[in-house]
Amino acid sequence: MPRMFQRQASHIIPARRRFRAALKWLHLWVGLVAGLVFAAVALTGTVMAFQRELLLSAQPQWTQQPVPSLAVQGAAFSRIVAEWEPQGLRSADLPSQKLPVWQAYFPEGVRRYFDPASGELLLTRSTDNDWVLWLRDLHTHLLAGQAGEQALGVFGLVALFLLLSGLYLWWPRWRALAASLRWYAQPPARRWFSWHRSGGALLLPLLLLVTATGVAMVYHDAVRGSLRVIFADGPEAVPPAPIARTQQRIDWSAVLQTAQAGLSAGELRRIALPKAGDALISIRYRAAEEWHPNGRSVIWLDPYRNRVVQRHDATTQGLGARIDETMYPLHGGFVGGRLWQWTVALCGLAPLFLWLTGLLFWLARRRRG
């Protein structure tokens, strides 16, 4: 090798070693400190994957009655609106085969559940009286509102750093691939290191997917805007012009039936109540090809004339917007049936495994001196 290239190599190799040593130090200490938060949030995600099943297991009687017709549901919703709109009712999910009761949303994260046919109150849940909602708030807002959500985004970015730095530190030569994935039993330092390294390598694709989609939801506006630019999507759907509110009574049965008739296909999912200065009603629906459990398609209606004003089919959007709307169903395990639901749930256990094996490796190495 010419002397000039030998000198260059002699500088490059120590620089790479210094970089690798610094990265190992960062990976260790950031992992020990921030990794515990990552593990706690991931564990709550395991519970979130089964939140509907947990609710129905506590209320098995809800599944013993069929979902009523739209006309009956509309009459029930009229009662719900009359009684609960003054107390902050903002929107409600229609009864479905998966959750056959009205699920209504109120300020401060309160949810109330109503009989699908009569509109009678069945249950009130909040973070104060329901451990699943408490864990959901921890998972999405770290129990600290918008400030907690932003902090969660930072922890998500740190988690991505841990995963990617771990990939860099693990990446083996192809001839050493099998050895790099082997699990050892002894000595303790080697055991915990091999478990941490091989477990992280094998679970990395799933962990990257679940973590990246979680971060994308925290920074939704920036991610969606970037995707729309990258894929040259058209403009976002613009809601129709407001309709002045009057004292005329809204026939919710007629509204629901008009909305369903206005769809060539799809399932009505969530009603947003009219705003103070606008009588326009928006109902989210799930088109046949959508992954989102409540759909991202919207139909707007004039409740006084019982006519469809505008419809937005999310499946006809540009590719960037459609990619953005896969984040939530992929992250929450809402697509792919039971297999993906269980995969996401089990994935929530992985960060705790990685944190524990990393901690045990560090302790074993310290004891070894």
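**Figure 1. Leu142 in the loop between H4 and H5.** In this predicted model, Leu142 sits in the loop that links helix H4 (131-141) to H5. Its phi is positive, about 50°, although Leu142 is not a glycine. With a relative accessibility of 22%, Leu142 counts as partly exposed, because buried is reserved for values under 20%.

**Figure 2. Helix H5, its length and its buried residues.** Helix H5 covers residues 145-170. At 1.5 Å a residue, the 26 residues of H5 should span 38 Å, and the end C-alpha atoms are 37 Å apart, so the two values agree. Several residues of H5 are buried, including Gly148, Glu149, Leu152, Gly153 and Gly156. Further along H5, the buried residues include Leu162, Leu163, Ser165, Leu169 and Trp170.

**Figure 3. The second largest pocket.** This pocket has a volume of about 890 Å³. Its lining is made up of 30 residues, and those nearest the centre are His27, Gly166, Leu169, Phe193 and His196. Leu169, one of these five, is also among the buried residues of H5. The elements that give two or more residues to the lining are helix H1 (3-48), helix H5 (145-170), helix H7 (188-218) and helix H13 (350-368). H1 gives the most, with 10 residues. Sorted by class, the lining has 18 nonpolar, eight polar and four charged residues.

**Figure 4. The cis peptide bond before Pro187.** Gln186 and Pro187 are joined by a cis peptide bond, with omega at about -10°. Pro187 belongs to the loop between helix H6 (177-180) and H7. H7 is one of the helices that give two or more residues to the lining of the second largest pocket.

**Figure 5. The largest nonpolar core.** This core holds 34 residues. The residues with the most contacts inside it are Phe77, Leu89, Trp102, Trp252, Leu268, Ile271 and Ile283. Two helices, H3 (70-84) and H9 (252-261), each give two or more residues to the core. The strands that do so are S2 (102-105), S5 (267-272), S6 (281-286) and S7 (297-302). The largest share, five residues, comes from H3.

**Figure 6. The surroundings of Leu89, and a second core.** Leaving aside neighbours within four places in sequence, Leu89 is in contact with Ile80, Val81, Trp84, Ala104, Tyr105, Phe106 and Leu273. A second core, separate from the largest one, has seven residues. Leu204, Leu207, Val210 and Ala350 are among them.

**Figure 7. Asn306 in the loop between S7 and S8.** Asn306 lies in the loop that runs between S7 and strand S8 (307-312). S7 is one of the strands that give two or more residues to the largest nonpolar core. Asn306 has a positive phi of about 50° and is not a glycine. Its relative accessibility is 29%, so Asn306 counts as partly exposed.

**Figure 8. The whole protein, for orientation.** The secondary structure comes to 13 helices and eight strands. Taken along the principal axes, the C-alpha atoms fill a box of roughly 90 × 45 × 35 Å. Of the 369 residues in the protein, 45% are buried. Among contacts between residues at least 6 apart in sequence, 59% join residues at least 24 apart.

Technical notes:
Residues numbered from 1 in each chain as written. Predicted model: local features only at pLDDT ≥ 70, side-chain atom pairs only at ≥ 80, totals over all residues. Heavy atoms only, no water. Core = buried A, V, L, I, M, F, W, Y, C linked by side-chain atoms within 4.5 Å. Buried < 20%, exposed > 50% of the residue type's maximum accessible area, 1.4 Å probe, protein only. Helix = DSSP H or I, 4+ residues; strand = E, 2+ residues; numbered from the N terminus. Contact = heavy atoms within 4.5 Å. 1 Å grid on protein atoms, 1.4 Å probe; cavity = no way out; pocket = protein on both sides within 12 Å on 5 of 7 lines; lining within 4 Å. Points joined across faces, edges and corners; volume = space filled by probe spheres on them. Nonpolar A, V, L, I, M, F, W, Y, C, P; charged D, E, K, R; others polar. Expected span 1.5 Å × (residues − 1).
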